[in-house]
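This report looks at how some parts of one protein model fit together. Please look at the sequence and the structure before reading on.

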Amino acid sequence: MCIRDRLMSGPDNIGELIYVSWGGTGRGAALRAAYDQAADADQNLTYLAILDPPHFADLDTGFIKLVIDELEWLLNAHMQTVAEASYKQVETMRVVVRTGEVDDEVVELAKTSGAQSIVLGAPIAIRGTSVDDLVAALRTRTGVEVTVVDPDAPALT
């Protein structure tokens, strides 16, 4: 279920790379790697944050809205920090925060935005599905390349 999609700049999502984080799995090094990949491929960058049911189902509607507002602010600031620290340029960046099942939300955004690639940052198994199986399922369901940023890789400098 889409709670709020917020565009940081620019309306065009053609050639989009989606960076995905859920349940607090994102890491700075993973976002920087996704930013660089988007810049190198001349793609727009969307940071998709998913508040998934195993971690956020017990929050009431009013509180979840507050969490989403704060998360959007933090992720926008994080994306701006990454952009300012890079010598590379991504023309359009946006933050999308959704609640729901990870795989369904990724597939929906990929299909509606015309994404060309998806990068998972520090993924975890969901509903008994391994990360490898999740990646394979997302590739099949979206028809685009899905990669994982190694969560154990050293921080980028």
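What is the relative accessible area of D69? The model is predicted, and in this model D69 has a relative accessible area of 27%. Because buried means under 20% and exposed over 50%, D69 counts as partly exposed.

**Salt bridges**

Side chains of opposite charge can pair when their charged atoms come close. The whole structure holds 8 salt bridges. Three of them are listed here.

| Salt bridge | Closest N and O atoms |
|---|---|
| D40 and K88 | 2.9 Å |
| D69 and K65 | 3.0 Å |
| E108 and R98 | 3.7 Å |

D40 belongs to helix α1, while K88 sits in the loop between α3 and β4, so this salt bridge ties together parts that are 48 residues apart in sequence. D40 is exposed, at 56% relative accessibility, whereas K88 is buried, at 16%.

The pair of D69 and K65 lies within one element: both residues are in helix α3, 4 residues apart, which is about one turn of the helix. K65 is partly exposed, with a relative accessibility of 42%.

The side chains of E108 and R98 also meet in a salt bridge. This pair links distant parts of the chain, with E108 in helix α4 and R98 in strand β4, 10 residues apart. E108 is partly exposed, at 37% relative accessible area, but R98 is buried, at 3%. R98 and E108 also belong to a network of salt bridges that includes E105.

**Helix α1**

Helix α1 covers residues 28-40, which makes 13 residues. From its first C-alpha to its last, α1 reaches 18 Å, close to the 18 Å expected at 1.5 Å a residue. Which residues of α1 are buried? They are A29, A30, L31, A34, Y35, A38 and A39. The elements that cover these buried residues include helix α3 (61-85) and the strands β2 (16-22), β3 (44-51), β4 (93-99), β5 (117-121) and β6 (145-149). After α1 comes D42, which has a positive phi, near 55°.

**Helices α4 and α5**

Helix α4 (residues 102-113) packs against helix α5 (residues 131-142) at an angle of about 30°, and their axes are 10 Å apart. The crossing of α4 and α5 is right-handed. On the α4 side, D103, D104, V106, V107, A110 and K111 make the contact, and they meet L134, L138, R141 and T142 of α5. By class, this contact has 5 nonpolar, 1 polar and 4 charged residues.

Technical notes:
Residues numbered from 1 in each chain as written. Predicted model: local features only at pLDDT ≥ 70, side-chain atom pairs only at ≥ 80, totals over all residues. Heavy atoms only, no water. Helix = DSSP H or I, 4+ residues; strand = E, 2+ residues; numbered from the N terminus. Expected span 1.5 Å × (residues − 1). Buried < 20%, exposed > 50% of the residue type's maximum accessible area, 1.4 Å probe, protein only. Contact = heavy atoms within 4.5 Å. Axes fitted to C-alpha atoms, helices over the stretch in contact; angles between N-to-C directions. Left-handed = near helix turned anticlockwise from the far one by under 90°. Nonpolar A, V, L, I, M, F, W, Y, C, P; charged D, E, K, R; others polar. Salt bridge = Lys/Arg side-chain N within 4 Å of Asp/Glu carboxyl O.
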